[in-house]
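Here's a friendly walk through a protein model, meant for someone seeing it for the first time. Have a look at the picture, then read on.

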Amino acid sequence: MSAEAAAGAGEPVLDVRELAKLYPLTRGIVVRRQIGSVRAVDTVSFTLRKGETLGIVGESGCGKSTVAKMLVGLEKPTGGRILYRGDDITRLSGRALKAVRRNIQMVFQDPYTSLNPRMTVGDIIGDVVGLNPEYVNRYPHQFSGGQRQRIGIARGLALRPEIIVADEPVSALDVSVQAQVVNLLERLQDEFDLSYVFIAHDLSVVRHISDRVAVMYLGRFAETGTEDEIYGHPTHPYTQALLSAVPVPDPGARTRRERILLTGDVPSPADPPSGCRFRTRCWKARERCALEVPALAVPEGFEQVTGPARHASACHFAEERQVVPED
Ligand SMILES: Nc1ncnc2c1ncn2[C@@H]1O[C@H](COP(=O)(O)OP(=O)(O)O)[C@@H](O)[C@H]1O
Ligand code: SF4
Ligand SMILES: [Mg+2]
């Protein structure tokens, strides 16, 4: 995080409004019929500021990669807008689109499959980073996973973008290497004043790199807030459950955290539950949860949050801060 972002002062570089992606669900081989649609992303909104990192976290299949692909133009949204410095990039084409696109680059989860195996590393990344000359003529398979991800990052930076969308950049790496890659991303952020959308399926991975975190569930944001708000005072039962699964570093800590076990599977995004889509797995669910979709909003009594980062929760009962019943 840059000092500017820490103060919440950076200007917005990306403004995402009600972004949505429906994939058609088809049946039949000869005659394909559409029998429904998969709501991979169902109205997601956020602002990314200059020099800041937004962490997006959620279980597999919740729509993280679909958001990432829409941000960099690999998938076309079926709804909503993506404003890059005020221009709606979902409506640009041709040269104007290309000019904007170079400012938003992606780093992929799997450094191996995202690198062309027949290109040398020198060809892939050009002269963007000082590369040891002895590596220039090597191919991706001659590097370790962590080295390959560094190459993937260098390639993402080759066009000098302003925004990097990193889709689970460390999930495929050994834990010991993960921190090195995260540190590299942080150093590059400072050096080039980059803004990051950093995606992970694990809350602990994004904690230290993120200025703000969005917790995603079945195509929507369940809770958004600063690092302190999300990790210190989570208000959405889903966030609370995810955090309860993160090991507590200090076993002697007095506030022992109850482990909240999520029961049941993630419902299909082709047929999400009515009302709150988390209700089939929520231990707090009541009648209202099946009837009304909870809006992502700052709970009553918590509006005093300052700055551009709002601590918002898509739960009807978010103001009940009680995390888990005391035993
Ligand atoms: N090309 C596609 N066609 C149909 N469904 C898709 C496609 N890509 C992703 N999906 C579905 O959209 C949902 C979200 O996927 P994805 O964005 O990859 O989630 P995540 O990255 O969080 O694991 C999943 O249910 C997935 O099966
Ligand atoms: S709205 Fe209801 S089901 Fe949804 S998270 Fe809140 S309590 Fe649980
Ligand atoms: Mg993914």
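What follows goes through the ligand site, the sheet, and a few buried spots.

One thing to keep in mind from the start: this is a predicted model.

**Around the ligand**

Let's begin with ligand 1. Which residues sit around ligand 1? There's a run of them from Glu 59 through Ser 60, Gly 61, Cys 62, Gly 63, Lys 64 and Ser 65 to Thr 66, joined by Tyr 23, Val 38, Ala 40 and Pro 269. Sorted by class, that shell holds five nonpolar, five polar and two charged residues.

Two elements, strand 2 (33-49) and helix 2 (64-72), each give at least two residues to the shell. Helix 2 makes the largest contribution, with three residues.

Oxygen atoms of the ligand also pair up with N or O atoms of the protein. Here are three such pairs:

| Residue | Protein atom | Ligand 1 atom | Distance |
|---|---|---|---|
| Gly 63 | backbone N or O | oxygen | 3.1 Å |
| Lys 64 | side-chain N or O | oxygen | 2.8 Å |
| Thr 66 | side-chain N or O | oxygen | 2.5 Å |

How much of ligand 1 does the protein cover? On its own, ligand 1 has 560 Å² of accessible area, and the protein covers 64% of that.

Gly 61 deserves a second look. This shell residue is found in the loop between strand 3 (53-57) and helix 2. Is Gly 61 buried or exposed? Gly 61 counts as exposed because its relative accessible area is 58%, and the cut-off for exposed is over 50%. Another shell member, Pro 269, is 208 residues away from Gly 61 along the chain, yet the C-alpha atoms of the two are separated by 8.5 Å.

**The seven-strand sheet**

Now for the sheet. It's an open one with seven strands, in the order 6-7-8-3-9-10-11, and the pairing is mixed. Strand 6 and strand 11 (312-313) are the edges, each pairing on one side only. As a general point, strands of a sheet pair through backbone hydrogen bonds, either parallel or antiparallel.

Strand 8 (residues 195-200) is a good place to pause. Why is strand 8 said to be largely enclosed by the rest of the structure? Six of its six residues are buried, so the rest of the structure largely encloses it. In a regular strand, side chains alternate between the two faces of the sheet. In strand 8, Ser 195, Val 197 and Ile 199 are buried on one side, while Tyr 196, Phe 198 and Ala 200 are buried on the other.

What about the partners of strand 8? Strand 3 runs parallel to strand 8 and is joined to it by five bridges, with Thr 53 standing opposite Tyr 196. Strand 7 (residues 163-167) is also parallel to strand 8, again with five bridges, and there Val 165 has Val 197 as its bridge partner.

Over at the strand 11 end, things run the other way: strand 10 and strand 11 are antiparallel and joined by two bridges. Glu 223 stands opposite Ser 313 of strand 11.

**Buried polar and charged side chains**

Gln 105 belongs to strand 6 (residues 104-107). With a relative accessible area of 17%, Gln 105 is buried, because the cut-off is under 20%. Setting aside residues up to four places away in sequence, Gln 105 touches Val 72, Gly 156, Leu 159, Pro 161, Ile 163, Ile 164 and Val 165. A polar atom of the Gln 105 side chain lies 3.5 Å from the backbone oxygen of Arg 102.

Asp 88, in strand 5 (residues 87-88), is buried too, at 11% relative accessibility. What does the side chain of Asp 88 make a polar contact with? One partner is the side chain of Arg 91, at 2.5 Å. A polar atom of the Asp 88 side chain is also 3.5 Å from the backbone nitrogen of Ile 82. Beyond neighbours within four places in sequence, Asp 88 is in contact with Arg 81, Ile 82 and Leu 83.

**A covered helix**

Last stop: helix 9 (residues 237-244), where eight of the eight residues are buried. Among them are Pro 237, Tyr 238, Leu 242 and Leu 243. The cover over these buried residues includes helix 7 (203-206), strand 9 (212-217), strand 10 (220-226) and helix 8 (227-232).

Technical notes
Residues are numbered from 1 along each chain as its sequence is written. Chains are lettered from A and ligands numbered from 1 in the order in which they are written. This is a predicted model: local features need pLDDT of at least 70, side-chain atom pairs count only at pLDDT 80 or more; totals for chains, interfaces and linings use all residues. Side-chain values use heavy atoms; hydrogens and water are left out. A residue is near a molecule or strand if one of its heavy atoms lies within 4 Å of it. A polar contact is a pair of N or O atoms within 3.5 Å; within protein, one must be able to donate a hydrogen and the other to accept it, and residues adjacent in sequence count only if both atoms are side-chain atoms. Accessible areas come from the Shrake-Rupley method with a 1.4 Å probe; for residues, only the protein chains shown count as cover. Helices (H or I, at least four residues) and strands (E, at least two) are DSSP runs, numbered from the N terminus. Ala, Val, Leu, Ile, Met, Phe, Trp, Tyr, Cys and Pro count as nonpolar, Asp, Glu, Lys and Arg as charged, and the others, Gly among them, as polar. Buried means under 20% relative accessible area, exposed over 50%, partly exposed in between (1.4 Å probe, protein chains only). Contact means heavy atoms within 4.5 Å. Two strands pair if DSSP finds at least two bridges between them.
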